[in-house]
Number of protein chains: 2
Amino acid sequence: MARAGLTAERLAVAGAELADEAGFDGVTVSELARRFGVKDASLYSHVKNLRELRQRVTLYAAGEFIDSIAAAIAGRAGKDALVAFADAYRAYALAHPGRYAATQHQVDPELLVGTTVLARTVDTTYGMLRAYGLTEPDLTDAVRLLRSTFHGYIALEAEGGFGHPREVQRSWDRGVQALHVLLEHWPRSEEGEKDDD
Amino acid sequence: MARAGLTAERLAVAGAELADEAGFDGVTVSELARRFGVKDASLYSHVKNLRELRQRVTLYAAGEFIDSIAAAIAGRAGKDALVAFADAYRAYALAHPGRYAATQHQVDPELLVGTTVLARTVDTTYGMLRAYGLTEPDLTDAVRLLRSTFHGYIALEAEGGFGHPREVQRSWDRGVQALHVLLEHWPRSEEGEKDDD
DNA sequence: CAGACAAACCTAGGGGCCCTAGGTTTTCGC
DNA sequence: GCGAAAACCTAGGGCCCCTAGGTTTGTCTG
């Protein structure tokens with residue numbers, strides 16, 4: 001009988017789909033095996049264990065995620081870029097909740113060698129902020145604040161922590177608006193602040 | 001032989017401790033039974049299933065959490081209150097990672113009847129912002145933004161998404177500082193903005 | 001104080017999941 | 001066509017969740 005043609009890569013893709021259907025916790029060796037019409041033991045030739053399987057899903061989703069954001073902010077700067085970034089971020093997270101959840105997990109360094117996801121993510125994020133003219137260490141602080149806010153918003157929304165969807169959309173817009181104002185009024189760290197303490 | 005004296009409440013407390021040691025995913029019926037020197041089947045007299053057990057942990061942790069924050073901001077207002085809120089928030093999350101993780105999960109409404117956790121949380125949060133003089137719907141938007149930012153920051157920090165701990169502390173301080181500025185410059189929603197669209 | 005009754009706890013067992021060890025079949029390069 | 005690597009399988013152990021139904025413990029009551 002025809003073989004399923006398993007690959008670590010194909011498992012990651014199927015795992016990403018599964019994640020959107022069943023949550024990141026729902027990506028499981030046995031369910032994935034079931035979908036490929038294969039015994040669960042067969043997956044262990046391509047993947048060390050469940051942990052690695054999930055990390056591959058994370059890696060795959062993170063690539064998709066940052067690419068869709070990069071596409072959205074291409075050719076934009078300043079507030080335009082911020083809004084595009086934010087909207088693309090949220091759109092992906094809402095369209096692919098499981099994949100997005102995957103991106104929030106750590107990946108072992110050894111699995112990262114040879115990939116550019118990390119670098120792309122950093123470049124895209126810092127690039128989006130360029131027009132605000134922040135310099136280190138403010139830039140890093142601002143990036144952290146933005147990542148935190150976006151992630152926190154999506155996490156709360158996904159968890160049902162908010163009310164009406166329409167309302168959430170407007171709150172999000174106003175939150176992004178507020179972040180724009182914040183970036184323009186960013187409290188600089190020049191005076192009376194030690195850099196390494 | 002002496003009975004263990006199990007209770008839904010005692011299970012929740014023990015579950016909270018277990019969560020800090022083994023993560024929220026680590027709170028498990030069998031491990032908890034082991035700690036009480038009891039067979040796992042025995043827990044099902046006090047708790048419907050694993051799901052309910054974890055929700056009780058969530059509820060317990062959420063109470064602890066909001067109480068420690070409320071204590072921290074008592075008698076403060078404006079920026080003082082904001083900073084106290086933020087620091088208490090992060091301190092609890094770092095001291096009790098598992099409990100904090102628990103607070104981010106949903107609880108079935110039926111389990112909420114008779115408790116005041118939700119109301120206390122809302123009151124404390126809105127109270128903290130009172131001095132900034134925001135009115136609805138800006139107030140709700142601001143609360144959402146703050147919750148998001150705080151949660152996002154802790155989530156990223158816990159996940160190891162940041163670098164050096166010292167650095168994170170300073171970034172956090174500056175982030176809170178920035179949020180204070182933001183609240184003072186909050187873009188009001190009076191003009192040119194539809195309320196229900 | 002004895003019996004009754006309701007908790008509290010137990011044994012037995014089914015099903016699901018992860019993972020290992022070692023065997024069989026397919027595929028592919030030579 | 002043949003040998004070897006790769007793909008897949010069977011068998012089985014261990015852990016976990018959960019149910020059904022029995023036994024023990026404590027408490028309440030007459």
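Let me begin with a definition: a residue is buried when its relative accessible area is under 20%, exposed when over 50%, and partly exposed in between, using a 1.4 Å probe and the protein chains only. With that in hand, Gln55(A) counts as buried, because its relative accessible area is 8%.

A word on where the numbers come from. This is a predicted model, in which local features need pLDDT of at least 70 and side-chain atom pairs count only at pLDDT 80 or more, while totals for chains, interfaces and linings use all residues. Residues are numbered from 1 along each chain as its sequence is written, chains are lettered from A and ligands numbered from 1 in the order in which they are written, and side-chain values use heavy atoms, with hydrogens and water left out.

So, back to Gln55(A). This residue sits in helix α3 of chain A, residues 50-73. Helices, by the way, are DSSP runs of H or I with at least four residues, strands are E runs of at least two, and both are numbered from the N terminus. Which residues does Gln55(A) touch, not counting those up to four places away in sequence? They are Gln106(A), Val107(A), Asp108(A) and Leu111(A), where contact means heavy atoms within 4.5 Å.

Let's step back to chain A as a whole. Chain A has 9 helices and 0 strands. Its C-alpha atoms fill a box of roughly 70 × 40 × 35 Å along the principal axes. Of its 197 residues, 48% count as buried. If you take the contacts in chain A with a separation of 6 or more, residues 24 or more positions apart account for 69% of them.

Now for some residues that reach across to the other chain. Glu159(A) lies in the loop between α8 (138-158) and α9 (165-184) of chain A. Glu159(A) is classed as partly exposed because its relative accessible area is 31%. Beyond its neighbours within four places in sequence, Glu159(A) contacts Gln104(B), His105(B) and Gln106(B).

Over in chain B, look at Thr149(B), which is found in helix α8, residues 138-158. Is Thr149(B) buried or exposed? Thr149(B) is buried, because its relative accessible area is 2%. Leaving aside neighbours within four places in sequence, its contacts are Leu145(A), Ser148(A), Thr149(A) and Leu179(B). For a sense of scale along that helix, the C-alpha atoms of Thr149(B) and Asp138(B) are 11 residues apart along the chain and separated by 16 Å.

That same stretch brings us to helix packing. Two packed helices are described by the angle between their axes and the distance between the axes. Helix α4 of chain B, residues 78-95, packs against α8(B) at about 35 degrees, with the axes 10 Å apart. Here axes are lines fitted to C-alpha atoms, for helices over the stretch in contact, and angles run from 0 to 180 degrees between N-to-C directions. Among the residues making the contact are Phe85(B) and Tyr89(B) of α4(B), along with Phe150(B) and Ile154(B) of α8(B). By class, the contact has 9 nonpolar, 1 polar and 3 charged residues. The classes are these: Ala, Val, Leu, Ile, Met, Phe, Trp, Tyr, Cys and Pro are nonpolar, Asp, Glu, Lys and Arg are charged, and the others, Gly among them, are polar.

Finally, the DNA. Around strand D there are 21 residues, and the closest are Ala4(A), Ser42(A), Thr28(B), Arg34(B) and Leu50(B); a residue is near a strand if one of its heavy atoms lies within 4 Å of it. Of the strand D atoms within 4 Å of the protein, 70% belong to sugar and phosphate. Helix α2 of chain B, residues 29-35, gives the largest share of that surface, 3 residues.

How far is a phosphate oxygen of strand D from an N or O atom in the side chain of Thr28(B)? The distance is 2.4 Å. For Ser30(B), a polar side-chain atom lies 2.8 Å from a phosphate oxygen of strand D, and a backbone N or O atom of Leu50(B) lies 2.6 Å from one.

Strand C also has 21 residues around it, with Thr28(A), Arg34(A), Leu50(A), Ala4(B) and Ser42(B) coming nearest. Sugar and phosphate make up 69% of the strand C atoms within 4 Å of the protein. A polar side-chain atom of Ser42(B) lies 2.6 Å from a phosphate oxygen of strand C.

Technical notes: A polar contact is a pair of N or O atoms within 3.5 Å; within protein, one must be able to donate a hydrogen and the other to accept it, and residues adjacent in sequence count only if both atoms are side-chain atoms.
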